[in-house]
Amino acid sequence: MKKYLIAILFLIACGGIAHAQQREPTTASKQRLTSLMTAVGVRVEEQRLLAPTQTYQELRLHLTSPAKTDLSAEELRSQQVAVTLLGTDKRTGGLPRQRSFELASDHLLLVTVTADSRLRWFSLVPDPRVLRAERPGPTGQLTGEIIFQPNLDYSFNIPDDNESTELRLYHPRWNGQEFGLVLLSTIPLKKN
Amino acid sequence: MTTHPRISSALFALLLFAGVSSLDHAETFETIVNNGPSSNRVDIAIMGDGYTASQMGKYQADVQQFVQAMFAQDPYREYQSYFNVHRIDVVSNQSGADHPERNSFVDTALDAAYNCNGTQRLICVNVSKALAVVGRSVSPAQSDIKLVIVNDPEYGGSGGAVAVASVHASAVEIILHELGHSFGLLGDEYGGSTCGGPDSAPNITLQTDRASIKWNYWIDSNTAIPTLTTTPGVPGLYDGAQYCDHGYYRPTYDSKMRTLDRPFEQINMEQLIKRIYNLVSPLESTSPTSSALTITRGQTQSFSVNKLVPFTHQLSVTWSLDGQAQNIADSFLLDTTSLTTGSHSIDVLLKDNTTSVRRDPDLLLEETHHWDVTIVAPSSTPPMLLTEVGSSRAIALDSVTLMRDPFSLLAAHNFSLDQRTRLALFATNADLLGDTLTAQVENGAQTIPLPVEYADKVPGYEITMIVVRLPDGLPSSGDVNVSITLRGLTSNKVLVGIKP
């Protein structure tokens, strides 16, 4: 009985989600996305971009970055990352849709692509390897440091999509004028 | 794209029983701030650590206090209706957090510990456990921002993918600062000894040439560059940022990205508002939901939008028809009477004209919606007066007594001063669409007009009721042929009996 009740509640909740109008990235954001993705060999075709899904996959990963002490924080973040897949869960619910394609050097760009390197989905997420230790002095003025965690377990949520064959992690790297994308890791995705 | 609710419900039912993770082991959660669908809101998921079952009341109070304090500060105050907040009730076996520096350890759900990485005030939690709690309790759309509040009064916290703060009085301030990084993509505006890094954040620059400063459109032309004033809230170019005392520049003398208990100030505020609009469209929903409509010329069609509502200002709504601006309101009534047949377009533009955002190259503060409208000519089928089955006798009623024919031309019981009888006739294919309908009687070679006093659709039916007055000149008895004409098309002729 309890399961049926949960199911009913689920249906009600999900019905509401389905009704909500879905958001698209703005035109300017799409242009920037296309430019950056093309530069790393990923084709962006509007009709191949994934429509919002109502299920998603939670990928539990172990990330191992080189712990080189002679590199700057920015250089450390751009080093290749060894990724071990610890587990996958398929879950119900929608993923947030980002209208902007604004990048930041302390974030990661997640993209899923098809076998022929066409973009299906993207998301900018805080880089989980970056930990900020900040504290106020007597006047409230802050001091702090950025701690880079070379080894950690983390989970990323990606859409549940049979056409996506790879998840790619990119580090947005600033060259003083604009961002470029540095590929950190590629994670093969199993078909459902 | 919208999904039919029945289809989506069926889909979810299938998924539910097809082995998709259930919520069996989920922590309970309560949506304590609910402003709308998570698909168009910034959703904050708050977890507690170091709260035992008996301390859930304290946890709820701590979260409530945090939420109130957060939404008391701009831009979160002004845009509070753009946020939802979910409180996830995580129960720990013991209260507080680990303090390895004094060899004090407790058993908590998320393993919160001070002295993380050798920094006393740095609290780390087990991020995997925190994400697992979030994942089995709320959906990703309900956890755009993830926070952990640690039940320990000593100052501490950490920023990153999951922001952490103790219940110290500065908790809200440190979390707002950390959200400036993780949510707002802002950089640190304080100096220090670990100088360097990219000047990519919207509030950090290495440029000292006025024209090259990212936020130069905020800087008054009279403000010196670099800027030396210590007056708060004066946009300029201030030396010291990005953990460097010199060489990296910030936009105001002080802000929350430099010092707690300060406002964010203009440049950071602008950025945070744009980040809110990264996840929230100003346009909540539209009506009609279909973006392609076919309308018969002469009909009207109502269009409307449901928009987001900031705390103290309103979003503008502008409608246009075929590119020509129409009215400025939340709804628009399209009257197609004067439109040509063929394709037309209706567009609506919603825009947040807040003065807190001066530059929005990605047009995040606005949203448009477009409808393709095809106007078709009214039907070319002649109107048809309704008759009794198998007969050409009209279904016609005295408009006062509702009695059928035969009718007297005059009636004493008539409410009209002229005492003349009015008939109600009924017709199909007689939608006026703004045109004029006429009625007439044929009497041999003579055509006598019947004044039409009323004609309109019967609500809920594709039938038009027509009320005509019986004029002088009609035969005083016998049947007459009545017809109506609309848009040059004349109906069938129906019999109406007249009596002395």
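Pro288(B) sits in the loop that links β9 (283–287) to β10 (292–296) of chain B. The peptide bond leading into this proline, from Ser287(B) to Pro288(B), is cis, with omega near 0°. Keep in mind as you look around that this is a predicted model.

Chain B has another cis bond to visit. The peptide bond from Asp74(B) to Pro75(B) is cis as well, here with omega near 5°. Pro75(B) belongs to the loop between α2 and β3 of chain B.

Two residues in chain B deserve a look for their backbone angles. Gln242(B) is not a glycine, yet its phi is positive, at about 55°. You will find Gln242(B) in the loop between β7 (238–241) and β8 (244–250) of chain B. Its surroundings are well filled: Gln242(B) has 26 C-beta neighbours inside 10 Å and so counts as buried. Asn115(B) also has a positive phi without being a glycine, with a value of about 60°. This asparagine lies in the loop between β3 and α3 of chain B. Because Asn115(B) has 17 C-beta neighbours inside 10 Å, it counts as partly exposed; the cut-off for buried is 20 or more.

Stay in that part of the chain for Val106(B), which is placed in the loop between β3 (83–88) and α3 (127–137) of chain B. With 20 C-beta neighbours inside 10 Å, Val106(B) counts as buried, since the cut-off is 20 or more. Leaving aside residues up to four places away in sequence, Val106(B) touches Gly50(B), Gln94(B), Ser95(B), Gly96(B), Ala97(B) and Asp98(B). For a sense of scale, pick Val106(B) and Arg359(B): they are 253 residues apart in sequence, and their C-alpha atoms are 50 Å apart in space.

Now turn to the helices of chain B, beginning with α4(B). Helix α4 covers residues 171–182, which makes 12 residues; at 1.5 Å a residue it should span 16 Å, and its end C-alpha atoms are indeed 16 Å apart, so the two values agree. How much of α4(B) is buried? The count is 12 of the 12 residues, so the helix is largely enclosed by the rest of the structure. The buried set has nonpolar side chains such as Ile174(B), Ile175(B) and Leu179(B), and it also includes Glu173(B), His177(B), Glu178(B) and His181(B).

One partner of this helix is α2(B). Two packed helices are described by the angle between their axes and the distance between the axes. Here, the axes of helix α2 (residues 56–70) of chain B and α4(B) come within 10 Å and cross at roughly 60°. The two helices are therefore oblique to each other, and the crossing of α2(B) and α4(B) is right-handed. Where they meet, Phe66(B), Ala69(B) and Met70(B) come from α2(B), while Ala171(B), Val172(B) and Leu176(B) come from α4(B). The residues of this contact divide into 6 nonpolar, no polar and no charged.

Finally, step over to chain A. This chain has 3 helices and 9 strands, and along the sequence they follow the pattern α-α-β-α-β-β-β-β-β-β-β-β. Of the 192 residues in chain A, 42% are buried. Among contacts in chain A with a separation of 6 or more, 67% come from residues 24 or more positions apart.

Terms used:
Residues numbered from 1 in each chain as written. Chains lettered and ligands numbered in written order. Predicted model: local features only at pLDDT ≥ 70, side-chain atom pairs only at ≥ 80, totals over all residues. Helix = DSSP H or I, 4+ residues; strand = E, 2+ residues; numbered from the N terminus. Contact = placed C-beta atoms within 7 Å. Expected span 1.5 Å × (residues − 1). Axes fitted to C-alpha atoms, helices over the stretch in contact; angles between N-to-C directions. Parallel < 35°, antiparallel > 145°, perpendicular 65-115°, else oblique. Left-handed = near helix turned anticlockwise from the far one by under 90°.
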